[in-house]
Amino acid sequence: MSNESTSDREICEPAGADGVQGLLPGIMPGAEVVVRGAEWLVDAVVPHEDCTALHLQHRGTGHPRVLLWPFDRVVRREHTPRLRVVTLRQFWRRMTLALHDVRVDGLRARALGARVVASQLAPALAVANGASRVLLADEVGLGKTVQAGWIVADAGERRPDSRVLIAVPAGLRRQWQAELAAHFGLDAILADAAWLRRAFSDLPADVTPWSLPGIYITSIDFLKRADVLHSVASHTWDTLVVDEAHSAAAPTDRYAALQRIASRARVVVLITATPFSGDGAAFASLMRLGTSTNDAPLIFRRSREDVGLARARRHRFTAVTITAAERRLQRLLERYTREVWISSHDEGARLAMTVLRKRALSSPNALARSLDRRIALLNARPAVPCQMPLFDDELTDDDDEPSAALAAPGLEDPRREHRWLARLAAAAHAAPDSKERYVRRLLHRLRGEPAIVFTEYRDTLHRLSDHFRGALVLHGAITAAERAAAQARFNADGGLLFATDAASEGLNLQHRCRLVVSYELPWNPARLEQRIGRVDRIGQARRVHAITLVARDTAEDLVIANFARRLGRVAATLGERDRLAAYLTEARTAGIVVGGMRDSRLDAAAPPAIAIEPAVEPRAEAEAARLEARARAVFAPTWRDSDVLVSSLRARPTLERGYVLVFEWSAVAGGGPTIDRHTWTLHVDAAVPKHRRAAADARALAARAISEHEPDARARLATVAAQRLAMVAGVHAGIIARAIAREAELRDRDTAVQAVQPGLFDRRAVLAAGAQAAERESGRADHDRRMAARARDQIIESHLRLAAVLIIHAGDAA
């Protein structure tokens with residue numbers, strides 16, 4: 001084996017017929033190049049229509065940089081292999097890395113921590129193997145954000161110029177940004193109104209901020225704005241992630257906006273712990289998000305028992321006995337709303353009655369406020385709508401009193417309706433609140449135990465929290481910074497937290513608290529699970545207790561009936577073991593106790609079941625072990641990848657003298673990235689003399705072993721290498737085929753051309769239609785180029801090189 005020799009070779013070959021890849025022969029990930037007078041390692045080669053982006057890492061400092069060829073002069077450094085003597089410890093670490101190197105069906109991403117959870121890898125493995133639409137529907141608190149993070153990180157490793165859009169509730173944007181940075185070292189952009197203004201001012205007029213590579217985290221409600229949606233939906237996204245996807249089901253503006261974007265995304269990831277809460281239409285709309293076919297996404301729905309985190313949770317419906325004044329108020333409200341419902345077919349009037357019934361279930365005070373508001377709206381002219389701030393995408397009114405819905409008259413006789421409302425308002429103002437009295441007694445008995453009290457409405461929250469000095473609040477009228485501060489303080493110090501669903505969805509509140517009180521019974525069972533899930537999640541060390549208050553002799557008996565019917569559908573669709581389905585028996589019991597209804601009234605017809613992926617696949621467990629081993633073995637080598645490592649080990653009874661030749665086999669797709677690497681070891685039985693510990697002696701012995709045994713070893717490995725290549729080619733071909741099919745679906749999606757009516761005196765409509773047609777044609781061309789590039793990736797080259805020699809000797813010479 002000769003000493004190291006290097007040569008520099010400028011990349012100046014002419015363009016080949018195969019496109020940009022032909023412009024840079026030999027330049028692939030792992031190659032060494034000289035650019036701008038410095039040595040770099042190539043991390044990725046990303047071809048574009050008129051240039052090639054080289055993602056580089058400085059050999060000395062490790063600093064990353066992206067340069068464009070042919071605008072930068074690129075010189076490839078070629079090395080002939082040299083024998084490099086290393087310690088046995090270094091040798092084993094290098095072999096550990098080699099044995100757990102890249103796999104054709106594995107992940108390229110790496111987490112910053114050493115612990116990798118197998119169940120959290122399964123969705124990312126599915127996407128890496130060609131799945132284009134997945135639904136992460138694990139129970140609350142099982143790390144769905146981390147699961148999506150693996151998908152995002154892996155996409156970035158495979159294509160550094162990828163563009164990822166993460167759409168989340170406004171209050172979760174900073175939490176997502178922090179978790180991606182903490183777990184994967186990913187820098188994500190918080191794409192809000194302020195960022196958009198800055199970006200437009202800094203970029204050329206013909207460049208939109210969304211067109212640049214990166215990870216963009218934005219709120220779902222920000223995306224549905226017409227000006228934002230038009231810009232975002234005009235681009236093809238490599239990955240779209242939608243958190244709390246159940247809140248964006250059809251028919252809503254959120255769903256319409258996300259469907260436009262998802263129809264132009266190569267990979268769509270939906271996240272929700274409550275995908276199906278008994279509403280079949282809403283669930284069907286989620287299944288259609290991102291596709292024009294009836295094909296359902298891959299669904300991952302695992303419980304704590306499935307992933308080995310079984311811990312009993314205690315939940316109970318607590319019946320609260322109301323006073324005579326409250327009972328009278330409920331009967332009056334029932335009579336008034338029934339009269340309106342029968343006499344009026346106006347949807348606005350019926351919506352107003354629904355709002356009043358829901359407010360009555362929250363508290364007499366909440367109902368009194370709504371009744372006063374309805375009286376004022378019916379007696380006065382319609383108020384001028386309040387203009388919301390143009391760029392305010394942090395606040396939400398989901399937990400505010402829905403006053404706009406209270407303006408529709410319900411009875412033909414205004415005077416009769418006014419009498420009804422006055423009578424109701426007087427009764428509401430006079431009625432005590434039995435639930436409030438119960439909660440105050442309960443919280444005072446806790447003696448410092450942290451607790452969260454959930455309520456649907458902000459005014460009820462304020463009325464409750466006013467009784468407890470120092471209580472924290474989370475609701476839709478506070479900013480994201482205030483929300484984060486309240487979350488951090490509660491997790492650090494505990495205490496009492498009063499929250500609405502609008503402000504707390506997705507938050508981690510398990511560090512100090514294990515008790516959740518629901519002040520009202522939600523009409524949607526998914527919301528109840530979301531509430532309890534704020535504390536019943538990974539990291540919770542104690543048993544979780546949850547209490548849901550149900551008032552006797554009120555409309556909540558009807559709510560329980562509906563609650564149980566929806567849970568029956570959940571059990572039939574997701575299975576009896578599903579977490580939501582577990583509420584079914586409790587709801588039936590509560591319905592009988594509170595409302596006196598027969599059990600048969602709570603039964604529900606069973607909709608068709610859905611296919612759910614296995615809990616934890618052996619493939620995911622093997623991948624977790626591989627990634628953990630690589631994380632433990634990471635070190636900074638002082639040798640080049642082309643070097644042949646040499647080390648020595650004294651023979652023992654179980655290890656005979658001789659040489660161990662280590663061969664490294666790699667498969668390269670399309671002349672670019674390495675898609676699979678495998679290591680084989682061959683033991684050669686030979687008489688190895690005693691030798692001194694000098695590096696020169698080790699190199700001499702290794703050189704002799706290579707000269708005598710390498711040709712035969714290569715011949716012995718030819719068959720297994722061919723088998724490995726056939727396996728890798730088959731798996732890779734399936735991945736490429738699925739990627740091309742999705743690309744073709746995206747290309748053919750937007751083909752409808754609308755007729756254009758020319759103006760009498762100008763051609764603006766014609767010019768706009770022409771611009772849209774040009775944009776569609778450009779998009780089709782881009783998809784065609786992408787499909788051609790993926791087709792070229794099916795061409796696989798394999799390489800087998802000698803990576804190391806281990807000398808097993810009898811002992812050291814004197």
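1. By contact I mean heavy atoms within 4.5 Å. Keep that in mind for S362, which touches T455, Y457, T460, Y519 and E520 once residues up to four places away in sequence are set aside. One caveat up front: this is a predicted model.

2. Staying with S362, the residue lies in helix 11. Its relative accessible area is 2%, and anything under 20% counts as buried, so S362 is buried. One of the residues it touches, T460, is itself among the buried residues of helix 15.

3. That takes us to helix 15, residues 458–465. This helix is mostly covered, with 6 of its 8 residues buried. The buried ones are R458, D459, T460, L461, L464 and S465. What does the covering of these buried residues include? On the helical side there are helix 11, helix 12 (364–379) and helix 14, and they are joined by strand 16, strand 17 and strand 18.

4. Now the sheet. It is open, has 6 strands, and its pairing is parallel; reading across, the order is 15-20-19-16-18-17. Which strands stand at the edges? They are strand 15 (313–320) and strand 17 (472–474); each has a single partner strand, so one side of each is left without a neighbour in the sheet. On average, neighbouring strands are turned by 20° against each other, ignoring direction.

5. A closer look at one pair in that sheet: strand 16 (residues 451–455) and strand 19 (residues 515–518) run parallel and are joined by 3 bridges. Here I452 has V516 of strand 19 opposite. Packing on the sheet is helix 14 (residues 434–445), which touches strand 15, strand 16, strand 18 (496–500), strand 19 and strand 20 (544–551). The direction of helix 14 makes about 155° with that of strand 20.

6. Follow the chain on from helix 14 and you get to E449, in the loop between that helix and strand 16. Buried or partly exposed? E449 has 21% relative accessibility, so it counts as partly exposed, and the cut-off for buried is under 20%. Leaving out neighbours within four places in sequence, E449 is in contact with G495, L496, R514 and R542. The C-alpha atoms of E449 and G494 are 7.8 Å apart, although 45 residues separate the two along the chain.

7. G348 is another spot to look at, this time in helix 11 (residues 347–362). With 25% relative accessibility, G348 counts as partly exposed, whereas S362 of helix 11 is buried. Beyond its neighbours within four places in sequence, G348 is in contact with A405 and A408. Its C-alpha atom is 9.9 Å from that of A404, a residue 56 places away along the chain.

8. Last, a helix pair from elsewhere in the chain. How do helix 3 (residues 144–158) and helix 4 (residues 173–184) pack? Their angle is about 65°, with the axes 10 Å apart, and the two helices are therefore roughly perpendicular to each other. The crossing of helix 3 past helix 4 is right-handed. On the helix 3 side the contact is made by T145, V146, A148, G149, W150 and A153, which meet W176, E179, L180, H183 and F184 of helix 4. Sorted by class, that contact has 7 nonpolar, 3 polar and 1 charged residues.

Technical notes. Residues numbered from 1 in each chain as written. Predicted model: local features only at pLDDT ≥ 70, side-chain atom pairs only at ≥ 80, totals over all residues. Heavy atoms only, no water. Axes fitted to C-alpha atoms, helices over the stretch in contact; angles between N-to-C directions. Helix = DSSP H or I, 4+ residues; strand = E, 2+ residues; numbered from the N terminus. Parallel < 35°, antiparallel > 145°, perpendicular 65-115°, else oblique. Left-handed = near helix turned anticlockwise from the far one by under 90°. Nonpolar A, V, L, I, M, F, W, Y, C, P; charged D, E, K, R; others polar. Pairing = 2+ DSSP bridges. Buried < 20%, exposed > 50% of the residue type's maximum accessible area, 1.4 Å probe, protein only.
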